[in-house]
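Where does a probe-based search leave enclosed space in this model, and which parts of the chain surround that space? The briefing below takes up the enclosed spaces in turn.

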Amino acid sequence: MIIDTTEVQDINSFSGLESLKEVYGILWILVPILILVLGITISVLAIVWLEREISAGIQQRIGPEYAGPFGVLQALADGTKLLFKENLIPSRGDIRLFSIGPSISVISILISYSVIPFGYNFVLSDFNIGVFLWIAISSIAPIGLLMSGYGSNNKYSFLGGLRAAAQSISYEIPLTLCVLSISLLSNSLSTVDIVDAQSKYGFWGWNLWRQPMGFIVFLISSLAECERLPFDLPEAEEELVAGYQTEYSGIRFGLFYVASYLNLLISSLFVTVLYLGGSNISIPYIFVSEFFEINKTYGVFGTTIDLFITLAKTYFFLFVSIITRWSLPRLRMDQLLNLGWKFLLPISLGNLLLTTSSQLFSL
């Protein structure tokens with residue numbers, strides 16, 4: 001059988017074209033993920049700088065000012081220092097649990113960013129169960145803290161891990177009930193649908209006005225989930241010598257530090273998405289709706305506006321969280337658990353019952 005050389009060349013060129021298309025498809029999938037990770041990293045650096053500047057202003061002292069203009073590179077300098085510091089491992093600890101624990105805490109929070117709608121059709125993954133996916137994934141983070149405390153072979157670290165797990169369970173339930181109430185109002189578990197449901201009525205359609213008690217409970221529970229003052233008992237230096245982080249150093253300690261700010265950022269983003277209409281400005285919508293209709297026509301310009309609006313609302317709640325940290329005293333462990341089980345849980349259950357009743361009567 002004689003094979004024409006031109007046919008062989010055509011087959012080779014076609015296979016090469018197909019392989020290029022496959023590579024292009026893989027890159028097209030990875031580029032949005034890399035852009036999201038880069039944006040999250042820059043946001044964490046900005047939050048660290050803001051917290052240092054705001055806390056310095058509250059305490060009437062000078063904040064970071066030498067690393068870069070106005071000290072904006074101080075967080076990057078600290079991260080570089082931690083990257084090159086020696087990683088110490090307890091000689092009698094469980095090396096596998098000790099090493100995996102910080103990674104689980106960071107990865108479980110990073111995955112949650114995939115369901116955040118930063119703008120109109122600007123979301124990495126629009127799942128039908130987006131909000132519950134966030135709750136399910138964020139519930140994995142305390143397992144990493146428990147693994148870290150147990151793997152350290154230190155009773156103080158283990159006690160800090162147990163406190164972190166108890167605190168997370170106590171406040172995860174009220175937070176989930178508040179999310180369920182929002183889902184009932186929006187008739188969907190998708191974060192994109194929840195934002196769209198709030199945009200129908202402009203400023204007064206935000207769930208903040210329809211769920212005021214749920215908003216307060218969600219805000220308190222999210223602060224407790226992030227282990228921010230006054231809910232930072234798992235890592236309280238005065239009682240537990242830094243808690244589950246006691247035996248960590250170098251980049252592993254830096255991962256815990258990054259995880260706390262990643263969690264704070266994702267909580268503020270979900271407050272924006274669930275209660276403040278996400279990327280919808282609408283203040284008041286009857287005056288500015290015509291101007292912001294441009295985002296449905298001009299893709300890049302509209303996406304930029306949506307992103308700016310979402311981040312503006314998010315950083316407002318970040319500012320509230322920072323002010324709260326440097327203004328309120330720390331709770332005792334019994335006060336913390338009593339607040340979660342005896343107050344927030346009944347209030348969130350009552351809020352869910354009222355929401356369900358109103359939805360049934362409206363049918």
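In this predicted model, the second largest cavity holds about 40 Å³ of space, and the elements that each give two or more residues to its lining are α9, α11 and α13 (299–325). A search of the whole structure finds two cavities of 30 Å³ or more, and the largest cavity encloses about 330 Å³.

**Second largest cavity**
- The residues that line the second largest cavity are Leu219, Ser222, Leu223, Cys226, Leu264, Ser267, Ser268, Val271, Phe317 and Ser321.
- Helix α11 supplies the largest share of the lining of the second largest cavity, with four residues.
- When sorted by class, the lining of the second largest cavity comprises six nonpolar and four polar residues, and no charged residues are found in it.

**Largest cavity**
- The lining of the largest cavity is made up of 25 residues, and those that lie nearest its centre are Ala141, Leu145, Glu225, Glu227 and Asn263.
- Two or more residues of this lining come from each of the elements α3 (95–112), α4 (130–138), α5 (141–151), α6 (155–186), α9 (212–225) and α11 (250–275).
- By class, 12 nonpolar, nine polar and four charged residues contribute to the lining of the largest cavity.

**Elements that recur**
- Helix α9 gives two or more residues to the lining of the largest cavity and also two or more to that of the second largest cavity.
- Helix α11 likewise gives two or more residues to the lining of the largest cavity, while its share in the lining of the second largest cavity is four residues.

Methods:
Residues are numbered from 1 along each chain as its sequence is written. This is a predicted model: local features need pLDDT of at least 70, side-chain atom pairs count only at pLDDT 80 or more; totals for chains, interfaces and linings use all residues. Side-chain values use heavy atoms; hydrogens and water are left out. On a 1 Å grid over the protein atoms alone, a cavity is a set of points where a 1.4 Å probe fits but cannot get out, and a pocket is an open set with protein on both sides within 12 Å along at least five of seven lines; lining residues have an atom within 4 Å of a point. Grid points are joined across faces, edges and corners, and a volume is the space filled by probe spheres set on the points. Ala, Val, Leu, Ile, Met, Phe, Trp, Tyr, Cys and Pro count as nonpolar, Asp, Glu, Lys and Arg as charged, and the others, Gly among them, as polar.
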